[in-house]
Amino acid sequence: MKRFNFKLESVLSLRENIEKQWEAKLGAANGECQKIIDKIEAYKQQIVISRNSAVDIGQYQLKCIYQERLEQQISIETRN
């Protein structure tokens, strides 16, 4: 016996395929966002570590420069 098919069955399956593609794209975008969030957290931890260590004046100046660069990277990452 022949299987019954609705006239709009092909439209429904096309829509389901498109939805699956968008779900995959959304998952990839969420993964990228999580990577950026993880980078930002790592930068913040590096800033905290660099602020808490006792050093001489030369090292302090270098750490300040490094810290400014990390903060710039954080601001760049958050803008994207």
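1. Let me start with isoleucine 49, which counts as exposed because its relative accessibility is 59%. Please keep in mind that this is a predicted model. Isoleucine 49 sits in helix H1. Its C-alpha atom is separated by 55 Å from that of leucine 12, and the two residues are 37 apart along the chain.

2. A second pair to look at is serine 13 and lysine 44. Their C-alpha atoms are 47 Å apart in space, with their positions 31 residues apart in sequence. Serine 13 belongs to helix H1. Serine 13 counts as partly exposed because its relative accessibility is 33%, which places the residue between the cut-offs of 20% and 50%.

3. Next, a surface feature. Where is there a nonpolar patch on the surface? Look at Leu14, Ile18 and Trp22, which form this patch and together offer about 340 Å² of accessible area. Leucine 14 is placed in helix H1, which runs over residues 9-52. With a relative accessibility of 51%, leucine 14 counts as exposed; the cut-off for that class is over 50%.

4. On to charge pairing. Side chains of opposite charge can pair when their charged atoms come close. How many salt bridges does the structure hold? There are 2. In one of them, arginine 15 partners glutamate 19, and the closest N and O atoms are 3.2 Å apart. Both arginine 15 and glutamate 19 lie in helix H1, and their spacing of 4 residues is about one turn of the helix. Arginine 15 is exposed, since its relative accessible area is 52%. Glutamate 19 counts as partly exposed because its relative accessibility is 37%.

5. Another salt bridge joins the side chains of lysine 35 and glutamate 32, at 3.7 Å from N to O. Why are these two separated by about one helical turn? Because lysine 35 and glutamate 32 are 3 residues apart in helix H1. As for accessibility, lysine 35 counts as exposed at 52%, while glutamate 32 is partly exposed with a relative accessible area of 44%.

6. Now for glutamate 77, a residue I would invite you to look at with some care. Its place is in helix H2, which covers residues 57-79. Glutamate 77 is buried yet has no salt bridge. Which side chain of opposite charge is nearest to glutamate 77? It is lysine 39, at 4.4 Å. A salt bridge here requires a side-chain nitrogen within 4 Å of a carboxyl oxygen, so the distance of 4.4 Å does not qualify. Leaving aside residues up to four places away in sequence, glutamate 77 touches Ile36, Lys39, Ile40 and Tyr43.

7. The nonpolar interior comes next. The largest nonpolar core has 5 residues in all: Ile40, Tyr43, Ile47, Leu70 and Ile74. Both H1 and H2 supply at least two residues of this core. Which helix gives the most to this core? H1 does, with 3 residues. Isoleucine 40, one of the core residues, touches Ile74, Glu77 and Thr78 when residues up to four places away in sequence are not counted. The contact list of isoleucine 40 thus includes the core residue Ile74 along with the buried glutamate from the previous point.

8. Glutamine 67 is another residue of helix H2. Buried or exposed, where does glutamine 67 fall? Glutamine 67 is buried, because its relative accessible area is 14%, and the class takes values under 20%. Not counting residues up to four places away in sequence, glutamine 67 touches Ile47, Ser50 and Arg51. Among these, Ile47 is also a member of the largest nonpolar core.

9. I will finish with tyrosine 66, also found in helix H2. Tyrosine 66 counts as partly exposed because its relative accessibility is 32%. The C-alpha atoms of tyrosine 66 and valine 11 are separated by 57 Å, and the two residues are 55 apart along the chain.

Key. Residues numbered from 1 in each chain as written. Predicted model: local features only at pLDDT ≥ 70, side-chain atom pairs only at ≥ 80, totals over all residues. Heavy atoms only, no water. Patch = residues over 30% accessible without salt bridge, like charges linked within 9 Å, V, L, I, M, F, W, Y side chains within 5 Å. Areas by Shrake-Rupley, 256 points an atom, 1.4 Å probe, with all protein chains shown as cover. Buried < 20%, exposed > 50% of the residue type's maximum accessible area, 1.4 Å probe, protein only. Lys, Arg positive; Asp, Glu negative; His and termini not counted. Contact = heavy atoms within 4.5 Å. Core = buried A, V, L, I, M, F, W, Y, C linked by side-chain atoms within 4.5 Å.
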